[in-house]
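Reader: I should like to learn how to read a protein model. May we look at one together?

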Amino acid sequence: MHSIGGLVRKDILLIRRFIWLLAIYAIVFSGVVQKDNQTLIYSLFPGLLLILGISSDSQRSAQQFLVSLPVPRNRLVLSKYLSSMIFIVAAVLISTAMNFASDLLYGRPVHLDLMLIAGTFLSMIIFLSIYLPFFYWLGLKGFQVVNVVMMITIMLANGAATWLLTESDSQFLQDRFLAQPGLSWIFLILLTLLASVISYIISCKAYGTRDL
Amino acid sequence: MTAIDVQGLSKRMSGFALEQVSFSVPRGYITGLIGPNGAGKSTFIKMLMGMVAPDQGSITIHGERAGIAGAAYRANIGYVSDENIYYDCLSLGQMKEIFKSFYPRWDEEIFKEYLDRFELPVKKKIKDCSKGMKTKFALALAFSHHPDLLIMDEPTAGLDPVFRRELLDLLAEFIQDEKRTVLFSTHLTTDLDKVADYITFIHRGKLVFSETKDEILERHLIVKGSKELLDADTRKEFIGLRETDFGFEGLTADGSRLQSIFGSSALYHQPTLEDIMYYTAKGGKAYA
């Protein structure tokens, strides 16, 4: 487990070079600039942080370094999932803090939208569960394409989610969800966990035999 | 005792195939891995380090199965790649902090000694370092966790002659206790002339030989003579032959036999490793 700590530390160290870019994104997409759309940061910022964090190991040289370490490949994969989870949590916390700041700035009542935070967290884990298997399966050649697709997905996700929530056909699902919120959340969490586990297994299989 | 044992190793990749390579790297000595570009040296080293999986065969390092499936064996290996594999955006000091956490036998004092010896500035970013500095840094990392085995892929490429000599001295120091082993691939056979005990030669994916350097140099012979000495039978005695209008020069793997055939009609001298590699790569083709 000591090696996983070292790998997670490595990912955190590598993301630090993007600190100014992330700060700009956090400000631009938060309620500080987007006065009428405080939810935008929740869809864009965690996705950006995740993609930057994972991309730091996309080069062949980085993969060769990692594989040359006395660490089994499945542990390399596990560490990537763990550091990605840390980035998601950090991004959601930063997004929340930025919106708090915007509420204070504009004299609005400070509010905490737990549904939005939890929804962002779970949706980012689902996003991660799709993204990482592609990262390990396609390698460097396909990864650049996957990155572009994922960035576009993130940018469109906010609009899609808003449309979904206002679409009358989805009202039925929303009503069922709100009727039993506790059970619904448990179901969503279990579904997310299942997706993560399946994703991890696929990633290990893809990476476990890859020639570098 | 062997440090590395290779049995029936095969790997097919696009435009290249390593075929049924079997040999051992003895413990306590320096083994040089030579071969022309594309021979399979780097692919073989990557298989040792678990970066590439062989299609067939096995590799054992210090008794442990090596390859993609294993990992613990790499804790005792100091690895120097032919290209920089460390994160360019980090400084030497930051990269060291990441690296050392994976090696229980990491020795900070030794690392500092090598930093001073190689004159490496710890705060300099890796991307701002020259190729030589990057290699020196890789060497410092490799030496600093007390490995039992040093595996290096073209470590002297890009190094100035002064440091190359220093590196060869370091390698000779490294194996002084006769328990530690060095395997390094190189094109610069003059380096192996100085320090190698064993030579393994791979050509077009096949093993040509794996023996002590002294045996190789004693067994092989460069023969020079007039064209009249060559016929269908004597040509077969040569690994590689170079013919001109005035005569020939060739390499044989059985010097004593050719000396008994040609006697004093030909001139003989001991080849260098470079001669052996050159004539083997050229093969039996006659050329000027």
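Reader: Which side chain of opposite charge is nearest to K136(B), and how far away is it?

Author: This is a predicted model, in which local features need pLDDT of at least 70 and side-chain atom pairs count only at pLDDT 80 or more, while totals for chains, interfaces and linings use all residues. Residues are numbered from 1 along each chain as its sequence is written, chains are lettered from A and ligands numbered from 1 in the order in which they are written, and side-chain values use heavy atoms, with hydrogens and water left out. A salt bridge is a side-chain nitrogen of Lys or Arg within 4 Å of a carboxyl oxygen of Asp or Glu. Lys and Arg count as positive, Asp and Glu as negative; His and the chain ends are not counted. Here the nearest side chain of opposite charge is D160(B), 4.3 Å from K136(B), which has no salt bridge although it is buried. Buried means under 20% relative accessible area (1.4 Å probe, protein chains only).

Reader: Which salt bridge joins chain A and chain B?

Author: The count between the two chains is one: the side chains of D211(A) and K11(B) meet at 2.7 Å, N to O.

Reader: How is the size of an interface read?

Author: It is often given as the accessible area lost when the parts come together. With a 1.4 Å probe and summed over both parts, about 2300 Å² is buried between chain A and chain B, and carbon and sulfur atoms give 63% of that area. In terms of contact (heavy atoms within 4.5 Å), 29 residues of chain A meet 28 residues of chain B.

Methods:
Buried means under 20% relative accessible area, exposed over 50%, partly exposed in between (1.4 Å probe, protein chains only). Buried area is the accessible area (1.4 Å probe) that two parts lose on being put together, summed over both.
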